[in-house]
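Here is my note on the model you sent. The points are numbered so that each can be checked against the coordinates.

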Amino acid sequence: MNQRASLQATNTGHGGNVHGLAREMGIDVTTLLDFSANINPLGPPEWLRPLISREVANLVHYPDPYAGALVSVIAERYQVPEEAVVVANGTTELLYQLPRLLGRTQALIPCPSYIDYAKVIELAGMTVRSFLLSAEQGFVLDPQELAPRITGGELVVIGSPNNPTGALVDPEQIIRLAKEHPSALFLIDEAFLEFVEGGRSVAFTADNIITLHSLTKFYAIPGLRLGFGIFPLPVARLLREHLPPWTVNTLAQAVGVRALADQEYGDQSRVLCSRLRTEFMRELQQIPALQVFDSAANYLLLRLKDGSDARTLAGQLLERKIMIRTCANYVGLDASYFRIAVRTEKENRLLLAALADILQPQPQKVAKSIRRMARPLMFQGTSSNAGKSVLTAALCRILLQDGVRVAPFKAQNMSLNSFVTHDGLEMGRAQVVQAQAARLDPDVRMNPVLLKPNSDTGSQVIVHGRPVGNMDVMTYLRYKETAMQAAHASYDSLAADYDVILLEGAGSPGEVNLKRHDIVNMGMARYAQAPVLLVGDIDRGGVYASFVGTMEVLNEWERALVAGFVVNRFRGQASLLQAAHDYVSAHTGREVLGVVPYLKNLGIPEEDSVSFKAGLFQTDRPAGDHVEIALISLPHISNFTDIEPLAAEPDVYLRVVERADDLGRPQAIILPGSKNVIHDLAALRSCGLAAAIQQLAAAGCEIVGVCGGYQMLGTSIEDPLAIESNQGTIAGLGLLPMTTVLAADKKLTRQSGVHTESGQPVYGYEIHHGRSQTDLAPTLAFTDGTGCGAADASGRIWGSYLHGIFDSDPFRRWFINRLRQRKGLSPLSGIPAPYDLEPAFDRLAATVRASVDMKRIYQLLGL
């Protein structure tokens, strides 16, 4: 940091001059952490950006010169005549006008206080008398001690809460003081009173009281500039005569009207600020070098107990890009004092850590809450299936290749495609693939909350790998706080074990109907302190509108987390997109950090059934000899990735079938897993597919059932506990002599063994509530001595609970060759298409590495 920047940081007359300081330091203003300005840590209200966007159309007209609508709202709120209200371009505008118009010759100011009080009064040619407040009494003003200093006819200026001390003055005593001294005029600055729970204004309570009120601080819009005063009527008339017209612009007026109507935002802000201030004070008091003064506002006055110059401390903090407000230029304070704003919990902890490091407090008392965590980066999307999961996997592999210990994380995954870990816990398949890309064993901490839809309005909820129950939407909303705590705990645990955590969002952060209860997108990004890359699928069209539109519906704190955009699935020459990238950058202030090409036949499991339903798993009909396999699309299909190894085989024509007319005459039909077997079986009957499957089975077609599909092959399925459905019992397809009852406990286990007929090795995992009974011998023999599955005498009708059964190269080739022989084709020797994700991960990583700005990504990670 150069000397000039240091002086600007320590000697400025006001806090909050981030722009000038950033210029002096040659850095981006967004990298400065500003504790010198006292702005609401909640940030601007959610309605701010849409309201301003709506009001842009009115900028073709001059604003209301007297802000009539806003004046009316203020008068109603404070129960004063409209004539008493004067709105201005911030209270500073009123403060600079008043002393020149009031006809007073002297002013009395309790100090320390806002430095501009004395400045504007002296500019008006008035004499300033200071009444020094006592540090021993916490700089709290007792109006009765001030009373003897009031001689009559002067202007008495009081801040309540006071700046820089945050001390509140009893409003009853202010009113009493004013009435006892009717010839004096009392200017009460209530700029920070909105932050006080139960704070009471003294506006219009006596003929000689003026109050000033700021809207920019409480509503976190200091750049907009908006304030007002409530005056005795003669003073209000005088002010209006001397203020120029149109001082308050159209946007500010509209914001003011909306702000004063937002009681919920006000209540939330006061509760939040009170909690943050209390916690911040408690932590600061653990630093022996600091004296902390009590405050009712959103800032704190501190003193270096040894009397050293706080400007030195400010310079040291500025080297860490943290600004504080030194107080040497306040009357009544010396250079050992400084003021800090109460900001967010994360930001407060950063300042605590810096102070702890510089001032060397007792480490165990402050540093205990400051834990070294992994560097985070998050992929979110403009929509579902934008490619977040695949890009997360790609970056997992890239960082692994670069020697970084990296792990994936998704707080909440809604998917029917799940996996069982080695310790028998269930998690989303997408995070399993990402873990494989990072060459890690899947860990439920990577996906602590899994929702498996079993109806249009409900899901089975799985937390830390174990089901906690079936919930409809409203029930889950009530449970969501618990789910969020589970997600945060898993993230913290995982982040302590790795260098980098790559987070994935869900759907889009722009889904305004879901944002309030979000635990997986921006809410999780804020908790993890993760910069966000927003991914858009250009193959769908409208990607740039999606980027801009998503940013427009984000709150300001959410927008601040977005570090850039990634265009995914582009077919063409990326340089042709530059004009669009320039537009997005100009509109949002964010750059497009990469254009990833469309990757066909990626060879990596897709994230969810969106891709399956889109037909991405249908293969082109091979030119040479081949067999045809039909995969039945179920409404609640689960673990559809079981069939992905078949899709990669050169002699397999794989089709996804939803209608009986499209079934044709394949060599095999696969009934996949289902999260609601009874419902899906009924759906097969209603569309005619059940009858068509039964007819093909009778004609000699091979019918294979996996998990839920295996249950469908039997004679009946019973759900006495309504785990998946309220329909009770339903008849199966009757292709195997087997009955199934859904039990309360879900079986979650990894298995390996052999397929008894072929003798080929198989492996995978079981996830099911069903308990199936049959006299048929099991088709699979596991190494733990148990068995699974059943087949009819012909061997053409068979199934099992084993997910991943086709991952075994020898078994899969045996299965395909048997179909070939039945069709009259010669079997293929060897393994034509080994199912190995490693080459696919490396190909993916190479493509993404060449397509995105990796230098910028490493900067975002701080690596």
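1. The crossing of H4 and H10 is left-handed. This is a predicted model, and every value below should be read in that light. The two helices pack with their axes 9 Å apart and at an angle of about 25°. With angles under 35 degrees counted as roughly parallel, H4 is therefore roughly parallel to H10.

2. Which residues make the contact between H4 and H10? On the H4 side they are Ala69, Leu70, Val73, Ile74 and Arg77, and on the H10 side Gln253, Gly256, Val257 and Leu260. Sorted by class, this contact holds six nonpolar residues, two polar and one charged.

3. H4 itself runs over residues 68-78, and its buried residues are Leu70, Val71, Ile74, Ala75 and Tyr78. These five lie on the same side of H4, because the arc they cover around the axis is only 135°. The general background is that an α-helix has 3.6 residues a turn, so residues three or four places apart point the same way. On the face turned away from the buried side, H4 carries Ala69 and Glu76, which are exposed.

4. What do the buried residues of H4 pack against? Their partners are three strands, E2 (85-88), E7 (209-214) and E8 (227-230), together with helix H10 (250-260). Just after H4 comes Gln79, with a positive phi of about 55°; this residue may be worth a look when the backbone is checked.

5. A second helix pair is H5 (residues 91-101) with H9 (residues 233-242), whose axes are 10 Å apart and meet at an angle of about 110°. Since angles of 65 to 115 degrees count as roughly perpendicular, H5 and H9 are roughly perpendicular to each other. Their crossing is right-handed, whereas that of H4 and H10 is left-handed.

6. In the contact of H5 with H9, H5 supplies Leu94, Gln97, Leu98 and Leu101, while H9 supplies Val235, Leu238, Leu239 and His242. Six of these residues are nonpolar and two are polar, with no charged residue.

7. Is Ser160 buried or exposed? Ser160 sits in the loop between strand E5 (155-159) and helix H8 (171-180). Its relative accessibility is 5%, so it counts as buried. Beyond neighbours within four places in sequence, Ser160 is in contact with Ala167, Leu168, Val169, Ile174, Asp189, Glu190 and Leu193. Pro171 is 11 residues away from Ser160 in sequence, and their C-alpha atoms are 8.7 Å apart.

8. Arg439 is another loop residue, placed between helix H16 (429-437) and strand E19 (449-453). Its relative accessible area is 53%; exposed means over 50%, so Arg439 is exposed. Apart from neighbours within four places in sequence, Arg439 is in contact with Arg397, Leu400 and Glu838. Between Arg439 and Gln760 there are 26 Å from C-alpha to C-alpha, at a sequence separation of 321 residues.

9. For the chain as a whole, the secondary structure comprises 29 helices and 39 strands. The C-alpha trace spans about 115 × 55 × 50 Å along its principal axes. Of the 863 residues, 58% are buried. Among contacts with a separation of 6 or more, 72% join residues 24 or more positions apart.

How values were computed:
Residues are numbered from 1 along each chain as its sequence is written. This is a predicted model: local features need pLDDT of at least 70, side-chain atom pairs count only at pLDDT 80 or more; totals for chains, interfaces and linings use all residues. Side-chain values use heavy atoms; hydrogens and water are left out. Axes are lines fitted to C-alpha atoms, for helices over the stretch in contact, and angles run from 0 to 180 degrees between N-to-C directions. Helices (H or I, at least four residues) and strands (E, at least two) are DSSP runs, numbered from the N terminus. Angles under 35 degrees count as roughly parallel, over 145 as roughly antiparallel, 65 to 115 as roughly perpendicular and the rest as oblique. A crossing is left-handed if the near helix is turned anticlockwise from the far one by less than a right angle, and right-handed if clockwise. Contact means heavy atoms within 4.5 Å. Ala, Val, Leu, Ile, Met, Phe, Trp, Tyr, Cys and Pro count as nonpolar, Asp, Glu, Lys and Arg as charged, and the others, Gly among them, as polar. Buried means under 20% relative accessible area, exposed over 50%, partly exposed in between (1.4 Å probe, protein chains only). The arc is that of the directions from the helix axis to the C-beta atoms.
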